[in-house]
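Me: Please take a close look at one buried side chain and its charged partner. I would also like to see how other charged pairs are placed.

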Amino acid sequence: MTEQTLAEHYEGTDELRAGLQTLFGEAQLGIKAILHELDPRLWNREDLCEALRAALLRHDRFEARLCVLDPTGTRRANPRLTELADRMPSRLSMRAADRQDAELAEHFVLVDDHHYLRRPTPVLDRWLSHIVPPNEAPRLAAVFDGVWERADLHPDLRPMHL
């Protein structure tokens, strides 16, 4: 079977939100994401934030790390997500990608290091969801870890102490 036959396609915001909710509902270990921005049509929705909150509470060591290439306006546009991050800073972390990663072609959400959504091109609002082949999982984790290590806090992503 090719990747194409295993993949599900998500076109548009509503389909992507449903796909993310499903993945968050099945997540057991953690979530790693590299995203261009945190689109409020997704990340400020109560249903998606509730699915993320449930995932964060599922296991003691569960952690979600979101690395954003353009974080400007995130706090203002996504109050539900940023409030969740403020309430659970040890479980949900957000950082701004370093300038050298700003042109990164790969945007993806990796769940439990084995299932992921990826956006083949940043221009299209289309995502593919599939199981990560065993040889691809370490590469994706390494890409994320490198971007995360170079990333920094941004005023719109910094947790506010409640």
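Reply: What follows starts at arginine 65 and moves on to the salt bridges.

This is a predicted model, where local features need pLDDT of at least 70, side-chain atom pairs count only at pLDDT 80 or more, and totals for chains, interfaces and linings use all residues. Residues are numbered from 1 along each chain as its sequence is written, and side-chain values use heavy atoms, without hydrogens and water.

Arginine 65 sits in strand 3 (residues 63–68); strands are DSSP runs of E, at least two residues, and helices are runs of H or I, at least four, numbered from the N terminus. Arginine 65 counts as buried because its relative accessibility is 14% (buried is under 20% relative accessible area, exposed over 50%, partly exposed in between, with a 1.4 Å probe and protein chains only). Beyond neighbours within four places in sequence, its contacts (heavy atoms within 4.5 Å) include Lys32, Ser93, Asp145 and Trp148.

Aspartate 145 forms a salt bridge with arginine 65, the closest N and O atoms being 3.4 Å apart (a side-chain nitrogen of Lys or Arg within 4 Å of a carboxyl oxygen of Asp or Glu). The pair joins helix 7 (residues 137–150) to strand 3, 80 residues apart. Aspartate 145 is partly exposed, at 32%.

The salt bridge count is twelve. Lysine 32 pairs with aspartate 113 at 3.4 Å. Lysine 32 is buried at 15%; aspartate 113 is partly exposed at 35%. Aspartate 101 bridges to arginine 150 at 2.9 Å. Aspartate 101 is buried at 5%, while arginine 150 is partly exposed at 34%. Asp14, Arg17, Arg45 and Asp47 form a salt-bridge network.
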